[in-house]
Amino acid sequence: MGLKQWGVALIGCTTLLLTACTVVDLDENGKPIMPADPNAKQSFDNLTPQQIAQQTWQPRVMDAANQHALDASAFTSQLKAASGAPKSVFVRLTSPVTAVDVSNAREQKLTFTVDNQPLTIQLGPVMRGNAIRDATGFKFEDFTNQVQFAQLSRAYNREAAKHLPKIDASWNGKPVTVLFAVTLANGKAQDAAALDVKQEAQ
């Protein structure tokens, strides 16, 4: 092979190598920033429960709730069928408020009547239960740090309370649309936690 042919071959090889390379940005320490694998399982190992709640609030909670919330009829049907292991779901309900409880500033609640039964929904700022976390579909196995999973409920409940309006006795009797998470167990609705609440025009 002549010198000219070697040169052409060398240029060809170099071109192939360059086109096969991907330019990777470097961080402040000169280390490559590798793009996240879209198929990789999301890792929460280095995040606090509060950070997980903030980062996943819109996609895992609000978007999911708005897309998959049960209406009053479907909610009633699932409630009657609820047996065995507790199940948490998102629900959207528009109904007159039948009671307002603001006696404890830390645990404010609205009560509605659904299928002739009272349904009390927590508005915080302190909310109890795991309904929001469990309705998102998060499972114990999603976390290598199980303390995060246990504390995520409280973080989600706090995050929910941040987005809710102040309520007072004037809400009683008014039509309200509420988006909430609730746990269904043995025909009962438990630990309902509001995600969004707004008064409707009368």
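Helices, of at least four residues, and strands, of at least two, are taken here as DSSP runs and are numbered from the N terminus. In this predicted model, the secondary structure of the protein chain comes to 5 helices and 6 strands. Read from the N terminus on, the elements follow the order α-α-α-β-β-β-β-α-α-β-β.

The protein chain has 202 residues, of which 35% count as buried. Its exposed area is about 12500 Å², and carbon and sulfur atoms supply 53% of that area. Among the contacts that join residues at least 6 apart in sequence, 62% are between residues at least 24 apart.

**The largest pocket**

The largest pocket has a volume of about 230 Å³. Of the 17 residues that line this pocket, Pro118, Leu119, Thr120, Ala189 and Gln190 are the closest to its centre. Helix H3 (72-81), strand E3 (107-114), strand E4 (117-125) and strand E6 each supply at least two residues of the lining. By residue class, the lining of the largest pocket divides into 7 nonpolar, 5 polar and 5 charged residues.

**Two residues, Ala192 and Glu200**

Ala192 is found in strand E6, which covers residues 188-199, whereas Glu200 is found in the segment after E6. Is Ala192 buried or exposed? Ala192 counts as buried because its relative accessible area is 2%, and buried means under 20%. Glu200, with a relative accessibility of 31%, counts as partly exposed, since that class lies between the 20% limit for buried and the 50% limit for exposed.

Leaving aside neighbours within four places in sequence, Ala192 is in contact with Leu119, Thr120, Ile121, Gln122, Phe180, Ala181 and Val182. For Glu200, when residues up to four places away in sequence are not counted, the residues touched are Thr94, Pro175, Val176 and Thr177. With one of these, Thr177, Glu200 also makes a polar contact, in which side chain meets side chain at 2.6 Å.

The table sets out, for each of the two residues, a partner with its separation in sequence and its C-alpha to C-alpha distance in space.

| Residue | Partner | Apart in sequence | C-alpha to C-alpha |
|---|---|---|---|
| Ala192 | Asn130 | 62 residues | 9.2 Å |
| Glu200 | Val176 | 24 residues | 5.4 Å |

Val176, the partner listed for Glu200, is also among the residues that Glu200 touches.

Methods
Residues are numbered from 1 along each chain as its sequence is written. This is a predicted model: local features need pLDDT of at least 70, side-chain atom pairs count only at pLDDT 80 or more; totals for chains, interfaces and linings use all residues. Side-chain values use heavy atoms; hydrogens and water are left out. Buried means under 20% relative accessible area, exposed over 50%, partly exposed in between (1.4 Å probe, protein chains only). Contact means heavy atoms within 4.5 Å. On a 1 Å grid over the protein atoms alone, a cavity is a set of points where a 1.4 Å probe fits but cannot get out, and a pocket is an open set with protein on both sides within 12 Å along at least five of seven lines; lining residues have an atom within 4 Å of a point. Grid points are joined across faces, edges and corners, and a volume is the space filled by probe spheres set on the points. Ala, Val, Leu, Ile, Met, Phe, Trp, Tyr, Cys and Pro count as nonpolar, Asp, Glu, Lys and Arg as charged, and the others, Gly among them, as polar. Accessible areas come from the Shrake-Rupley method with a 1.4 Å probe; for residues, only the protein chains shown count as cover. A polar contact is a pair of N or O atoms within 3.5 Å; within protein, one must be able to donate a hydrogen and the other to accept it, and residues adjacent in sequence count only if both atoms are side-chain atoms.
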